[in-house]
Amino acid sequence: MTTRLKHIYGPVPSRRLGLSLGVDLVPYKTCNFDCIYCQLGRTNRKTIERKRYVPAEEILGNLFEALKHVPKPDFITLAGSGEPVLNSDIGIIIRSIKKQTDCPVAVLTNASLLGDQEVREELLAADVILPSLDAADSATFRAINRPHDALDVEDIIQGMINFRKKFHGAIWLEIFLVEGINTADSPMKSLKLAIDKIRPDKTQLNTAVRPPAESFVKPVGDNTMQRIRCFLGSNCEVIVPSTDIPREKARIISEEALLAVLSRRPCTLADLSKGLHASPNHVLKTIAALQKKGLIRSYFQNRELFYSRVFPD
Ligand code: SF4
């Protein structure tokens with residue numbers, strides 16, 4: 001990617017979004033949270049002001065130029081180095097992408113502004129929303145997300161419930177787990193009650209695998225992760241690699257093996273990972289290589305991303 005396209009990154013392989021082309025809607029670390037686990041470091045100036053941090057024309061110009069030069073992504077993902085919904089042009093940007101491409105659009109958000117009806121309306125045109133919710137009680141919310149004083153976790157949860165009622169796309173809710181901060185029974189029970197009301201299509205568990213803003217942040221181990229996954233129910237999955245790295249390293253997926261599976265039926269990344277007994281990261285590498293060769297394609301259907309074999313005419 002040339003430096004001129006400064007608002008675009010990737011495409012990068014993503015466990016949740018396949019081959020994802022990232023679009024950054026706000027300047028570095030423009031956020032209304034200061035999460036203790038943030039990989040970008042601390043938020044020096046929290047803001048809840050929505051404005052045209054980068055105008056839609058500039059973002060879309062970068063994006064459409066990038067799409068001429070990169071392999072077709074599975075998703076165009078609005079995210080980046082802060083909270084993308086703070087950009088007040090986000091609605092225009094989503095609708096323009098939907099009008100001018102056939103790529104599904106995903107939005108990564110901390111969900112803090114979903115209490116605002118205007119924001120909810122702007123996000124309706126997206127295909128997938130990936131909101132975060134790390135805590136449902138005020139004390140834990142403040143400890144882990146260190147939000148702007150004007151934000152209230154109950155309003156955020158109610159905003160997510162309201163959004164679910166109107167939104168026809170997929171909601172994949174992410175919970176970032178920090179050992180000893182939001183992993184105890186009491187915050188987890190509050191979180192489960194909130195999730196049951198929000199009714200996301202999936203709940204996805206993450207933890208600190210990259211250096212966090214605060215050195216005291218510790219990732220949760222496999223046992224805690226599995227205990228919480230079971231507690232949260234059947235639509236909950238873990239999206240970080242197992243700590244059993246050596247076993248994962250050994251598994252390379254051949255293009256032939258993957259094509260053989262996809263010749264029989266379309267599969268999600270999770271299906272392929274399970275069927276081929278390999279980590280999603282390894283499967284994604286082979287998927288990217290086959291997509292480049294035009295041997296497989298992706299499509300978003302029934303709120304899931306599928307891969308299928310492309311057969312020559
Ligand atoms: S919401 Fe995202 S960008 Fe903002 S502080 Fe938290 S992790 Fe960092």
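**Strands, core and ligand shell**

Tutor: V107 stands opposite I129 in β5. The model is a predicted one.

Student: What makes β4 and β5 a pair of strands?

Tutor: Four bridges join β4 (residues 105-109) to β5, and these strands run parallel. Pairing needs at least two bridges, so four are enough.

Student: How many bridges join β5 to β6?

Tutor: Two bridges join β5 (residues 128-131) to β6 (residues 170-177), again in parallel. The requirement is at least two, so β5 and β6 also count as paired. Across from I129 in β6 stands I171.

Student: Which strands make up the sheet, and in what order?

Tutor: The open sheet has eight strands, in the order β1-β2-β3-β4-β5-β6-β7-β8, and the pairing is mixed.

Student: Why are β1 and β8 called edge strands?

Tutor: Each of them, β1 (8-14) and β8 (236-238), pairs on one side only. On average, neighbouring strands of the sheet are turned by 25° against each other, with direction ignored.

Student: What covers the faces of β5, and which residues are on each side?

Tutor: V128 and L130 are on one side, I129 and P131 on the other, and all of them are buried. Buried means 20 or more other C-beta atoms within 10 Å, so each of these four residues reaches that number.

Student: Why is K29 called partly exposed?

Tutor: K29 has 17 other C-beta atoms within 10 Å. Buried would take 20 or more and exposed 12 or fewer, so 17 falls in between. K29 lies in the loop between β2 (18-24) and α1 (56-67). Its phi is positive, about 55°, although K29 is not a glycine.

Student: What about R146, and where is it found?

Tutor: R146 is in the loop between α4 (138-145) and α5 (153-166). With 17 other C-beta atoms within 10 Å, R146 is partly exposed. Phi of R146 is also positive, near 40°, in a residue other than glycine.

Student: Which residues have the most contacts inside the largest nonpolar core?

Tutor: They are A106, A126 and V178, in a core of 71 residues. The largest share of this core, seven residues, comes from β6. Apart from it lies another core, of 12 residues, including I253 and L262.

Student: Which residues surround the ligand?

Tutor: The ligand is surrounded by C31, F33, D34, C35, C38, L40, T43, G82, E83 and N110. Five of the shell residues are nonpolar, three polar and two charged. Gly counts as polar, so G82 belongs to the polar group.

Methods
Residues numbered from 1 in each chain as written. Predicted model: local features only at pLDDT ≥ 70, side-chain atom pairs only at ≥ 80, totals over all residues. Near = placed C-beta within 6 Å. Axes fitted to C-alpha atoms, helices over the stretch in contact; angles between N-to-C directions. Core = buried A, V, L, I, M, F, W, Y, C linked by C-beta atoms within 7 Å.
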